[in-house]
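Visitor: I have a structure open that I have never looked at before. Could you walk me through it?

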Amino acid sequence: MIKAAVMGYGTIGSGVVEVLETNRDSIAKRCGDTIEVKYVLDLREFPGDPIQDKIVHDYKTIAEDPEVSIVVETMGGVEPAFTFVKAMLEAGKHVTTSNKALVADKGAELLAIAREKNVNFMFEASVGGGIPIIRSLNECLTADEIEEITGILNGTTNYMMTKMSQEGLEFDDVLKDAQAKGYAEKDPTADIEGHDACRKIAILTSLICGRQVDFNEIHCEGITKISATDIKYAKAMGKAIKLLATSRKVGDSYCAMVAPHMLPAEHPLFPVNDVFNAVFVHGNVLGDAMFYGSGAGKLPTASAVVADMVEIAKNLDQNIFVEWSSKKMELVDYKQSVNRFFVRTTASEAAVKENFGDVTFVKAEGVSGEIGFVTEPMTEADYEIKAVALGNVLQMIRVK
């Protein structure tokens with residue numbers, strides 16, 4: 001019997017315990033042994049819960065117990081999660097986590113410790129919830145040079161964009177709806193400002209380049225400025241607005257960005273709606289592939305965590321190599337990337353043509369007192385210069 005511990009008995013931690021119990025027999029068949037939770041670390045007590053007798057309040061209880069070989073971390077945040085996980089790895093215990101903040105910030109360091117101690121540090125659930133994108137990059141797509149990853153990596157913002165598009169609501173109204181349904185936190189900043197998606201694309205970029213990518217250096221825009229008027233223009237163009245996290249290979253480096261984009265109907269991410277996530281991958285040999293599924297939620301995320309536990313159970317005596325060193329990857333300045341831009345302005349058509357040259361003007365039903373247009377492809381830097389010269393810009397959204 002394999003003894004495990006769960007650190008953090010919130011939504012995901014309790015989901016892990018539930019999945020282990022619900023699928024106990026099939027999990028045992030897949031990993032060749034039964035996995036039993038011996039400890040659950042939490043500050044709280046859980047009277048009446050089946051795990052009440054397993055609750056401990058000191059992480060050292062787990063670290064110092066030689067019976068425990070697998071530890072799950074679902075607390076969230078960088079600290080104290082980093083201190084706890086580091087202690088577990090140094091004690092020779094395998095760890096799996098759903099904590100994107102921890103992985104984005106400390107992934108390379110924790111992988112190095114795991115390698116040194118001949119154990120594993122896994123984090124499938126840190127990106128895309130139940131979508132198996134990390135294992136696919138580490139195992140299934142290793143014959144390819146990954147040239148682009150573009151994803152809808154945040155279920156909250158995708159739900160909000162879907163709601164705005166389908167019902168014509170304003171941002172503040174759909175945010176309240178998302179909070180009422182439990183899709184958005186009381187403080188939704190990490191989601192709506194794009195920080196959550198930014199950490200996830202940093203993790204994916206680190207994995208495909210094998211070096212540390214600092215999420216703080218990724219250009220990041222959220223959805224807070226998207227309005228019902230923008231949705232009207234998008235519909236007039238036959239497009240949908242999505243918050244995309246993108247990483248594209250440029251020479252020996254990558255250019256990464258998180259920002260709203262207008263997608264055409266033929267784009268594979270166009271039909272991805274509600275709280276679902278999807279990751280589009282382009283490899284130099286594979287070509288295009290897409291991974292789609294539940295990007296969040298108790299059981300989908302817990303399923304990915306338990307899948308890591310099964311993989312660990314199959315490799316209790318060896319470290320599975322993951323190429324991700326602490327050497328920093330210097331990203332290409334996003335201002336060098338080329339895009340088309342949808343722009344709303346109160347300037348005249350003549351002024352638009354004078355500053356932007358050939359453009360395609362767009363009319364939206366029920367919108368007056370302004371004009372919308374789409375530019376020809378240009379660099380971000382050139383767009384900024386032209387937009388300043390034009391003035392009176394109400395909105396800009398990149399166009400795929």
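Guide: Before we start, one definition that will help later: axes are lines fitted to C-alpha atoms, for helices over the stretch in contact, and angles between them run from 0 to 180 degrees between N-to-C directions. Please also keep in mind that this is a predicted model.

Visitor: Okay, so where does that definition come in?

Guide: It comes in with helix α12, which lies across β1, β2, β4, β5 and β6 and runs at about 160° to β5.

Visitor: And what order do the strands of that sheet come in?

Guide: The sheet is an open one formed by 6 strands in the order β3-β2-β1-β4-β5-β6, and the pairing is parallel. Its edge strands are β3 (55-56) and β6 (121-122), each of which pairs on one side only.

Visitor: How many bridges join β1 to β2, and how many join β1 to β4?

Guide: Strand β1 (residues 2-7) is joined to strand β2 (residues 35-41) by 6 bridges, with I2 standing opposite I35. To strand β4 (residues 68-73), β1 is joined by 5 bridges, and there V6 stands opposite V72.

Visitor: Which residues of β1 are buried on one side and which on the other?

Guide: I2, A4 and V6 are buried on one side, while K3, A5 and M7 are buried on the other, so both faces of β1 are covered. As background, in a regular strand the side chains alternate between the two faces of the sheet.

Visitor: What about the β6 edge?

Guide: There, 2 bridges join strand β5 (residues 94-97) to β6 in a parallel arrangement, and the bridge partner of V95 in β6 is F121.

Visitor: What else does F121 touch?

Guide: Leaving aside its neighbours within four places in sequence, F121 is in contact with V85, L89, V95, T97, V103, G107, L110, L111 and A114. F121 is also one of the residues with the most contacts inside the largest nonpolar core, together with I62 and I133.

Visitor: How many residues does that largest core have?

Guide: The largest nonpolar core has 85 residues, and its largest share, 9 residues, comes from helix α10 (residues 195-209). Apart from it lies another core, of 29 residues, among them V16, V17, C31 and I55.

Visitor: You mentioned V85 and L89 as contacts of F121. Which helix are they in, and which of its residues are buried?

Guide: They belong to the buried residues of α4, which are A81, F82, F84, V85, A87, M88 and L89. Helix α4 covers residues 81-90, and 7 of its 10 residues are buried, so it is largely enclosed by the rest of the structure. It is followed by G92, whose phi is positive, near 85°.

Visitor: Back to α12 for a second. How does α12 cross α2?

Guide: The axes of helix α2 (residues 24-31) and helix α12 (residues 298-314) come within 9 Å and cross at roughly 35°, and the crossing is right-handed. The contact is made by I27, R30 and C31 of α2 together with V306, V310, A313 and K314 of α12.

Visitor: New topic: what does β11 pair with?

Guide: Strand β11 (residues 276-283) pairs in the antiparallel sense with strand β7 (residues 146-152) over 6 bridges, where I149 stands opposite V281. It is also joined by 8 bridges to strand β12 (residues 287-294), again running antiparallel, and a hairpin of 3 residues makes the connection from β11 to β12. As for burial, 6 of the 8 residues of β11 are buried, so this strand is largely enclosed by the rest of the structure.

Visitor: And α14, further along? Which side of it is buried?

Guide: The buried residues of helix α14 (residues 380-390) are E380, Y383, A387 and L390. They cover an arc of only 85° around the axis, which puts them on the same side of α14, whereas I385, V388 and A389, on the other side, are exposed.

Visitor: What does the buried side pack against?

Guide: The buried residues of α14 pack against several elements, including β10 (253-264), α13 (349-356) and β16 (378-379). Within β16 sits M378, which counts as buried at 9% relative accessibility. Leaving aside its neighbours within four places in sequence, M378 has contacts that include S337, F356 and Y383. M378 and S337 are 41 residues apart in sequence, yet 8.1 Å apart in space, C-alpha to C-alpha.

Note on methods. Residues are numbered from 1 along each chain as its sequence is written. This is a predicted model: local features need pLDDT of at least 70, side-chain atom pairs count only at pLDDT 80 or more; totals for chains, interfaces and linings use all residues. Side-chain values use heavy atoms; hydrogens and water are left out. A nonpolar core is a set of buried Ala, Val, Leu, Ile, Met, Phe, Trp, Tyr and Cys residues joined through side-chain atoms within 4.5 Å. Buried means under 20% relative accessible area, exposed over 50%, partly exposed in between (1.4 Å probe, protein chains only). Helices (H or I, at least four residues) and strands (E, at least two) are DSSP runs, numbered from the N terminus. Contact means heavy atoms within 4.5 Å. The arc is that of the directions from the helix axis to the C-beta atoms. Two strands pair if DSSP finds at least two bridges between them. A crossing is left-handed if the near helix is turned anticlockwise from the far one by less than a right angle, and right-handed if clockwise.
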